[in-house]
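Colleague: Could you take me through one part of this model up close? I'd like to hear about the sheet, strand by strand, and what packs against it.

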Amino acid sequence: MPTIVVDVMPKPELLDPQGKAVSGAFARLGVEGFSGVRIGKRFELTVEGEVTDEVLAEAKRIADEVLSNSVIEDVVGIEVAE
């Protein structure tokens, strides 16, 4: 069965306290070479049947209306992973 993957990230202009905590942990662990961390969400939607343009459109609608909070988050990716 195909899977549609939806990635959601905090809007770039907003603070990301989880990412900041991970970035601080990197510094304490001596990890170098990374200037920042942003943490988002990944959703995997299993599709019964074929992934058509209509199914992708419905996945986008769901991503925008249900899976993300448009005030603080952006849907940054929707792709089919088979």
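Modeller: Here is a walk through the sheet, starting from its overall layout and ending with its surroundings.

Keep in mind that this is a predicted model. The sheet is an open one, built from 3 strands in the order β2-β1-β3, with antiparallel pairing. At the edges sit β2 (41-46) and β3 (73-81), each of which pairs on one side only. Going from one strand to the next, the twist averages 20°.

Now for the strand between those two. On one side, β1 runs antiparallel to β2, and 6 bridges join the pair. On the other side, 8 bridges link β1 to β3, again antiparallel. Aspartate 7 is a handy place to see both pairings: arginine 42 stands opposite it in β2, while glycine 77 stands opposite aspartate 7 in β3. Of the 8 residues of β1, 6 are buried, so the strand is largely enclosed by the rest of the structure.

Threonine 3 is worth a stop of its own. This residue lies in β1, and its bridge partner in β2 is threonine 46. Is threonine 3 buried or exposed? Its relative accessible area is 14%, and because buried means under 20%, threonine 3 counts as buried. Leaving out residues up to four places away in sequence, threonine 3 touches Glu44, Leu45 and Thr46, and also Glu79, Val80 and Ala81.

Next, what packs on the sheet? Helix α2 does, touching β1, β2 and β3, and its direction makes about 150° with that of β3. Alanine 59 gives you a residue-level view here: not counting residues up to four places away in sequence, it touches Ile4, Leu45 and Ile78.

That brings us to the largest nonpolar core, which has 7 residues: Ile4, Val6, Val8, Val47, Ala59, Ala63 and Leu67. At least two of these residues come from β1 (3-10), and at least two from α2 (53-67).

One last look, away from the sheet, at the other helix. Helix α1 covers residues 17-29, and its 13 residues should span 18 Å at 1.5 Å a residue; the end C-alpha atoms are 18 Å apart, which agrees. Right after α1 comes glycine 30, with a positive phi near 80°.

Key
Residues numbered from 1 in each chain as written. Predicted model: local features only at pLDDT ≥ 70, side-chain atom pairs only at ≥ 80, totals over all residues. Heavy atoms only, no water. Core = buried A, V, L, I, M, F, W, Y, C linked by side-chain atoms within 4.5 Å. Buried < 20%, exposed > 50% of the residue type's maximum accessible area, 1.4 Å probe, protein only. Helix = DSSP H or I, 4+ residues; strand = E, 2+ residues; numbered from the N terminus. Contact = heavy atoms within 4.5 Å. Expected span 1.5 Å × (residues − 1). Pairing = 2+ DSSP bridges. Axes fitted to C-alpha atoms, helices over the stretch in contact; angles between N-to-C directions.
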